[in-house]
Amino acid sequence: MLKFSLAVCLSLTLFSLSHAATYHVLPEATGTNDGTSWENAYGPSQLQSTVDTLKPGDLLLIGSGTYEGVSLKISCQGEPQNPIIIRGHNSGAGLPVLKSSWTIDDPTKGATAIQLGEKVSHLSISQVQIDGYKMGIVAHPCKTVESRNHIFFREIDIRNCRHGFYLSDCDDLSLEACRLVRYSKHGFRFEQGCDRVQLKNCVADCSEADAEWEKKTELFPFGFNINNGGTPNTQFHLEDCTAANNMMPLQKKRYKNGDGFVMEGNTQDVSLVRCKAIRNQDGGYDLKVDDISLKDCIGIGNGRQVRIWTTGTLENCYFGYGGTGLWNNGGPLSVNQCTFYKLGVAAMTDDKAKQKITLSNCVIADCTKTYKKTASGGGVILDDTLVEEADSSPSNDAKPATRPVPEWDGVGSPTAPETISGKGYQPLP
């Protein structure tokens with residue numbers, strides 16, 4: 001019986017492999033133009049038709065070069081053991097680039113590079129660069145199915161766009177080592193109905209600290225935006241992600257927005273580990289989710305390093321070089337072994353806060369004011385927390401329109417204050 005079972009498994013595997021195909025595409029067709037090899041590759045005019053034919057287990061390789069004006073619509077369905085793979089390949093001149101003509105001077109006009117159909121499943125897209133599209137990768141809300149599922153993006157580099165990823169109704173979704181730079185609106189936006197999502201080593205850098213670009217960004221530039229567009233987004237885990245330079249200094253209103261990580265109110269079950277928010281207009285982290293969890297995270301050079309509207313826990317985090325370290329408008333918050341450095345106010349509770357922030361085993365150094373509250377509720381409890389160089393002078397809570405790049409980039413050990421064993425932020429090995 002065992003031999004029979006092994007034989008059946010082997011035959012099924014061989015059957016699956018025999019029906020999987022590998023296709024090759026280059027910026028110019030070569031040889032017999034049948035897609036079977038680099039010597040006989042399809043050209044870009046056949047890229048969409050090739051995508052349309054992909055079956056479970058198929059592999060599409062896109063070779064080096066620039067693919068002008070390509071817009072792909074993907075509707076293929078893989079299988080759990082036979083995903084469909086679309087992968088860029090360095091065939092001699094780097095990874096492939098999908099190129100279009102979007103500019104920040106006219107941000108609402110332009111093409112979409114890749115659009116996912118409603119029934120997409122078990123799909124992997126990796127090692128592709130996208131440049132000059134209004135929208136990088138889009139998945140609109142589903143109307144005929146509950147959700148797309150099991151989609152994996154790796155090493156997708158998107159630049160010069162309005163939105164990088166703009167996704168709805170994608171379950172069991174993974175984004176790894178994706179880098180978005182120079183966008184006018186949002187880097188990663190999850191509109192609705194995305195469940196069980198992991199983001200690892202992803203970067204959203206709105207301007208790369210280019211002051212001229214920042215004069216043209218649109219209202220509310222966000223790095224990572226888990227929105228509340230409809231059906232709640234749930235179970236998000238962000239690890240080693242960076243949101244930087246989401247700035248728009250020319251906003252006319254007194255309150256100038258622009259955040260690194262944004263989690264809206266109907267989102268559920270979010271954790272951030274080893275993430276960094278650097279030099280964002282307002283909040284490094286703007287978190288409206290109940291029971292939010294931050295561990296080993298860094299916020300530096302933001303207007304407010306972290307804003308938490310309800311409840312949560314913070315463990316081994318570093319907040320520095322800005323107006324406010326930790327702002328809360330709900331509570332309670334449990335904060336353990338965190339450092340607050342060179343801030344106007346280390347921690348504060350605002351008008352609607354009814355519970356307190358408890359700072360345990362923390363370090364507060366070179367801050368104008370240790371804590372502040374604006375209403376009868378709220379407040380801050382210092383539990384075995386070291387306060388250095390704080391005084392009772394009025395807090396410097398200002399958030400200037402522009403700000404310099406912080407003295408520390410969040411990598412390795414902070415330049416200050418000195419690490420104290422058992423208290424405050426402990427640099428990771």
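1. I would start the reading in the strands: Tyr-166 stands opposite Arg-189 in strand β11. Strands, like helices, are DSSP runs numbered from the N terminus, a helix being H or I with at least four residues and a strand being E with at least two. Strand β9 (residues 148-168) and strand β11 (residues 179-192) run parallel and are joined by 9 bridges, where two strands are said to pair if DSSP finds at least two bridges between them.

2. Before going further, please keep in mind that this is a predicted model, in which local features need pLDDT of at least 70 and side-chain atom pairs count only at pLDDT 80 or more, while totals for chains, interfaces and linings use all residues. Residues are numbered from 1 along each chain as its sequence is written, and side-chain values use heavy atoms, with hydrogens and water left out.

3. Strand β9 has further partners that are worth tracing on the screen. With strand β8 (residues 121-139) it runs parallel and is joined by 14 bridges, and within this pairing Tyr-133 stands opposite Cys-161 in β9. With strand β10 (residues 170-176), β9 shares 6 bridges, again in the parallel sense, and there Asn-149 stands opposite Asp-171 in β10.

4. One residue of β9 deserves a closer look, namely Glu-155, which is placed in that strand. Although Glu-155 is not a glycine, it has a positive phi of about 55°. Most residues other than glycine have a negative phi, and most peptide bonds are trans. Is Glu-155 buried or partly exposed? Its relative accessibility is 31%, so Glu-155 counts as partly exposed, since buried means under 20% relative accessible area, exposed over 50%, and partly exposed in between, with a 1.4 Å probe and protein chains only.

5. A second residue with a positive phi is Arg-279, where the angle is near 55° in a residue other than glycine. Arg-279 is found in the loop between β19 (276-278) and β20, and because its relative accessibility is 6%, Arg-279 counts as buried.

6. Which strand is largely enclosed by the rest of the structure? It is strand β17 (residues 259-263), because 5 of its 5 residues are buried. Strand β14 (residues 222-226) pairs with β17 in the parallel sense over 4 bridges, and in this pairing Phe-224 stands opposite Phe-261 in β17. Strand β17 also pairs in the parallel sense with β20, over 3 bridges, and here Val-262 stands opposite Asp-286 in β20.

7. Within strand β20 (residues 283-287) we find Tyr-285, which is buried because its relative accessible area is 0%. Leaving aside residues up to four places away in sequence, Tyr-285 touches a set of residues including Phe-261, Leu-272, Cys-275, Leu-294, Ile-298 and Arg-307, where contact means heavy atoms within 4.5 Å. As a sense of distance across the model, the C-alpha atoms of Tyr-285 and Asn-149 are separated by 28 Å, and these two residues are 136 residues apart along the chain.

8. Two peptide bonds should be checked by eye. The bond from Gly-331 to Pro-332 is cis, with omega near 5°, and Pro-332 lies in the loop between β25 (318-328) and β26 (333-336). A cis peptide bond also joins Ala-416 and Pro-417, with omega about -10°, and Pro-417 is found in the segment after β32 (386-388).

9. Turning to the protein as a whole, there are 3 helices and 32 strands, and the C-alpha trace spans about 80 × 60 × 40 Å along its principal axes. The radius of gyration of the protein is 24 Å, which agrees with the value near 22 Å that a compact globule of 429 residues would have; this radius is taken over C-alpha atoms, and the globule rule is 2.2 Å times the number of residues to the power 0.38.

10. Finally, buried residues make up 55% of the 429 residues in the protein. Of the contacts with a separation of 6 or more, 57% are accounted for by residues 24 or more positions apart. The accessible surface comes to about 18,000 Å², of which 51% belongs to carbon and sulfur atoms; accessible areas come from the Shrake-Rupley method with a 1.4 Å probe, and for residues only the protein chains shown count as cover.
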